[in-house]
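Here are some short exercises to work through with the model open beside you. Try each task before you read its solution.

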Amino acid sequence: MSVSDAPGAGGRTIRFHDLLRQEAPAYLERFGAAVPPRQREVLTKLLACRTPALGGELFACPTCGAFHYAYHSCNDRHCPRCGQTDADAWRADHAALLLPTPYFLVTFTLPEPLRAWLRSHPSVGLDLLFASSAQALQELAANPRRLGASLGMLGVLHTWSRTLIYHPHVHYLVPAGGLSLDQRQWIPSRPQFLVHVHPLADHFRTRFRHGLERAAPEALATLPARVWKTRWVVHSQPAGSGEHALRYLSRYVFKTATGNRPLELRPDGRVRWPYRESATGRAAHLDLEPGELVRRFLQHVLPAGFHRVRRFGWLHPAARPKLNRVRALLHQAPLLTDAERAAWQPPDDALEPPEPLPPPDRAPVCPRCQRPMTRIGSWRPGHPQLRPPARAPP
């Protein structure tokens, strides 16, 4: 492995998903049973993405008679090729929840001595990371000597660094203020300051240890004692209206670590991973063996059913009355549930003609004559691939 800050020459470009398909068989053969079942399960899905194994559609060109296959996507949240449409929809849904107030982005990072244990026990460890960080922030803000209010928090888990090493941390998008403890008023924070990060970091560390004692007491004996004596890292920064921070967070909701970015495959067989140094902002790159890049990618696979995005406080889905109280205090209309929206009957004079339906998805364009193609059939996973009909002899 080598690190450099100047790009090289002589390599060829390859997309990450294509690299994964190329290198995964050798990776699985080399490490065999050592690959965790969850990682093997996800890798199997990703390798089948947009292949005949998942079924697909067959299209024909009515002009020149050419045929085209469109294979189905796996839609796994770890897939480098899937999820962009879902991420855009997620961002739009959460943008509708933004309040007319400034925001903060608060980040809780686990110290390095805990990361190996957490990587081996992700279900317990990542749940604990969420619970302890949210509780620490909520309790400190509720202290009358601090903000004296309850917060609403949108949390998004992020497990990788810019060089793809395992670096678990949680970002919280938090309005700059909270609901008073008697729920009668909105208490704004200072423009550039939410809570003190040093006592917040200490409280986070205490909450995490207490949670670990309950959830996995045997882990305490394996962890170095110094981890409970050093200050953990918590960072808080103003995030403006929250829109840019929401766009930043949406990148991590439906994709893991790499996306399907183009990479340089070097003449020596290594892969060049580009990144930007966090301290200086300078462009740099890392040359990795393909198997090492696959390993770094797979270590960010989440447990099945694990929720990467969570809402806390009066932003929790079960706290809708409190959220509407906040919105009323900030002069916003309440959010209606589906049942409330269905039961609401507007007066006759308020009815407006419905908006036109969006146009259907565009059919593939014929590579020969550039005309829209027509769908002529489909097949499901596990069934034989649909074949083009035989052309009649001239």
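Accessible areas here come from the Shrake-Rupley method with a 1.4 Å probe. Keep in mind that the model is predicted.

**Exercise 1.** Describe the protein chain as a whole, starting with its surface.

Solution. Step one: the accessible surface is about 21,400 Å², and 54% of that belongs to carbon and sulfur atoms. Step two: of the chain's 394 residues, 43% count as buried, where buried means under 20% relative accessible area. Step three: the chain holds 10 helices and 16 strands. Step four: among contacts with a separation of 6 or more, 73% join residues 24 or more positions apart.

**Exercise 2.** Find the largest pocket and say what lines it.

Solution. Begin with the volume, which is about 1,000 Å³. The lining has 42 residues, and the closest to the pocket centre are His158, Trp160, Arg162, Tyr248 and Tyr252. Next, look at the elements: those that each supply at least two lining residues include the strands β7 (152-160) and β8 (166-175) and the helices α3 (84-95) and α7 (243-250). Finally, sort the lining by class: 16 residues are nonpolar, 17 polar and 9 charged.

**Exercise 3.** Now turn to the enclosed space. How many cavities of 30 Å³ or more are there, and which residues line the largest cavity?

Solution. The count is 1 cavity of 30 Å³ or more. The largest cavity contains about 110 Å³ of space. Its lining includes Leu97, Leu98, Leu99, Tyr103, Trp314 and Arg311. By class, this lining divides into 10 nonpolar residues, 1 polar and 1 charged. The charged one is Arg311, and the polar one is His94.

Key:
Residues are numbered from 1 along each chain as its sequence is written. This is a predicted model: local features need pLDDT of at least 70, side-chain atom pairs count only at pLDDT 80 or more; totals for chains, interfaces and linings use all residues. Side-chain values use heavy atoms; hydrogens and water are left out. On a 1 Å grid over the protein atoms alone, a cavity is a set of points where a 1.4 Å probe fits but cannot get out, and a pocket is an open set with protein on both sides within 12 Å along at least five of seven lines; lining residues have an atom within 4 Å of a point. Grid points are joined across faces, edges and corners, and a volume is the space filled by probe spheres set on the points. Helices (H or I, at least four residues) and strands (E, at least two) are DSSP runs, numbered from the N terminus. Buried means under 20% relative accessible area, exposed over 50%, partly exposed in between (1.4 Å probe, protein chains only). Contact means heavy atoms within 4.5 Å.
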